[in-house]
Amino acid sequence: MSRFDDSQYVSMTMEFRCNLACTHCMIEGTMDWLQPQSTDQFKKLLDYNAAHKRWTGLILTGSEITLFHDLPELARQARQRGFQHVRIQTHGMRLASEPYCRELIDAGVDEFFVSVTASDAESHDTITTVKGSFDKTIQGLENLDKLKDVVTLTNTVVTVQSYRHLPGIVERLAHLRRMTQHEFWVYWPMKETDEKGLAASHLDLLPFLKEAIAKSRRHDRGVIVKNFPHCLLGDDGDALDNSQPKLFIDPAFWNEFSRNGFYQCVHRDVCASTKCLGLNTAYAQKYGWHADVLRPFPQPLETHAASGAAPPRTDAPR
């Protein structure tokens, strides 16, 4: 389960450049025209939170936030205006510079959410398409591990290229003392079809995912799974958490995001799970509806009796 409460965090997208070209990037076709939040919008957020105390943590993000021209100054302002935590979401390569790590920490960054795509350099670099990126990311995490008052988290996008690496990622990072949580985000394309062929079958990746969850827990780390059917996780269902911090981003992003078509399932009308995103359009077109393996969480008996209505049909996805 998560070690962090997403409702206490707010996220601002301040940068849309990136110096990697990950095969699974969901916004690669939009980075050229999506607009980052302005410094005026950033200051308005600080003013609002100083007045209302709505959030305790700020996440600075973007395609690659460490490319922002003065990231330490953003962190410094956020801490001065009352945020207790400042997190950056990054691929981690620039953290290979220990002086840069210290500069960020001195400015107030105390949480680092770092993308790790695979458990070895060759596989990671194939996914990021930049040779040497794995070594820099690992060096960055090890630099942070030497420093005080820091926590690190990892994010792995789960695709056909990466799902076999999930247990290995946990083990590869087991030596890090500051590592607090692993997150596994199952890939979906930002469109109706899987044109890149990256979406992995839930049934194929399930054993690797469950092994990674078990290893995370053995190392006493939080573990989060996103965009995976709740029922398939079985006893590991408590790892599913699709919550997100409040996100400030160019509104045009949501037009693209809405194309994924979440919440489709043959059991949607009768399933009691409140945190499952079901299947998305591209996944269902590629792998079908898994009607024979997905199982609805039972509704309380009084749900339909109290309404006087018959249970809805489940013979077709919605």
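This is a chat about the sheet, the helix packing and a few loop residues of one predicted model.

Colleague: Start with the sheet. How many strands, and in what order?
Modeller: Bear in mind that the model is predicted. Eight strands make an open sheet, in the order E7-E6-E5-E4-E3-E2-E1-E8. The pairing is parallel.

Colleague: Which strands stand at the edges?
Modeller: E7, residues 222-226, and E8. Each has a single partner strand, so one side of each has no neighbour in the sheet.

Colleague: And what does the twist average from one strand to the next?
Modeller: The average is 20°.

Colleague: Take E1. Is that strand mostly covered or mostly open?
Modeller: Mostly covered. E1 spans residues 9-15, and seven of its seven residues are buried.

Colleague: Which strands does E1 pair with?
Modeller: E2 and E8. With E2, residues 57-62, the pairing is parallel over six bridges. Tyr 9 stands opposite Gly 57 there. With E8, residues 246-248, the pairing is also parallel, over three bridges. Met 12 has Phe 248 as its bridge partner in E8.

Colleague: Where do the side chains of a strand point, in general?
Modeller: In a regular strand they alternate between the two faces of the sheet.

Colleague: Now E4 and E5. How many bridges?
Modeller: Five, in the parallel sense. E4 covers residues 111-115 and E5 covers 151-158. One residue pair to look at is Val 114 with its bridge partner Thr 154 in E5.

Colleague: What lies across those strands?
Modeller: Helix H5, residues 133-145. H5 lies across E4, E5 and E6, the last being strand 179-186. H5 runs at about 160° to E4.

Colleague: H5 also packs on H4. At what angle?
Modeller: About 110°, with the axes 7 Å apart. H4 is residues 121-128. The two helices are therefore roughly perpendicular to each other.

Colleague: Which residues make that contact?
Modeller: From H4, Ala 121, His 124, Asp 125 and Thr 128. From H5, Ser 133, Phe 134, Asp 135 and Thr 137. By type, the contact residues are two nonpolar, four polar and two charged.

Colleague: Other helix pair: H1 and H2. What are the angle and the axis distance?
Modeller: The angle is about 20°, and the axes are 10 Å apart. H1 is residues 39-52 and H2 is residues 71-80. That angle makes H1 roughly parallel to H2. The crossing is right-handed.

Colleague: Who touches whom?
Modeller: H1 brings Phe 42, Lys 43 and Leu 46 to the contact. H2 brings Leu 74, Gln 77 and Ala 78. The split is four nonpolar, one polar and one charged.

Colleague: Which residues of H2 are buried?
Modeller: Leu 71, Pro 72, Leu 74, Ala 75, Gln 77 and Ala 78.

Colleague: What do those buried residues pack against?
Modeller: E1, H1, E2, E3 and H3. E3 is strand 85-90 and H3 is helix 98-107. Just past the end of H2, Gly 82 has a positive phi of about 110°.

Colleague: Which residues have a positive phi without being glycine?
Modeller: Asp 149 and Asp 220 are two to check. Asp 149 has a positive phi of about 60°. Asp 220 has a positive phi of about 60° too.

Colleague: Where is Asp 149, and is that residue buried or exposed?
Modeller: Asp 149 sits in the loop between H5 and E5. Asp 149 has a relative accessible area of 69%, over the 50% cut-off, so this residue counts as exposed.

Colleague: And Asp 220?
Modeller: The loop between H7, residues 202-218, and E7 holds Asp 220. Asp 220 is exposed, with a relative accessible area of 58%.

Colleague: Last one, Phe 297. Where is this residue?
Modeller: In the loop between H9, residues 281-287, and H10, residues 302-307. Phe 297 is partly exposed, at 29% relative accessible area.

Colleague: What does Phe 297 touch?
Modeller: Leaving out residues up to four places away in sequence, Phe 297 touches His 230, Cys 231, Val 270, Cys 271, Ala 272 and Ser 273.

Colleague: How far apart are Phe 297 and Gln 285?
Modeller: They are 12 residues apart in sequence. In space the C-alpha to C-alpha distance is 24 Å.

Key
Residues numbered from 1 in each chain as written. Predicted model: local features only at pLDDT ≥ 70, side-chain atom pairs only at ≥ 80, totals over all residues. Heavy atoms only, no water. Axes fitted to C-alpha atoms, helices over the stretch in contact; angles between N-to-C directions. Helix = DSSP H or I, 4+ residues; strand = E, 2+ residues; numbered from the N terminus. Parallel < 35°, antiparallel > 145°, perpendicular 65-115°, else oblique. Left-handed = near helix turned anticlockwise from the far one by under 90°. Contact = heavy atoms within 4.5 Å. Nonpolar A, V, L, I, M, F, W, Y, C, P; charged D, E, K, R; others polar. Buried < 20%, exposed > 50% of the residue type's maximum accessible area, 1.4 Å probe, protein only. Pairing = 2+ DSSP bridges.
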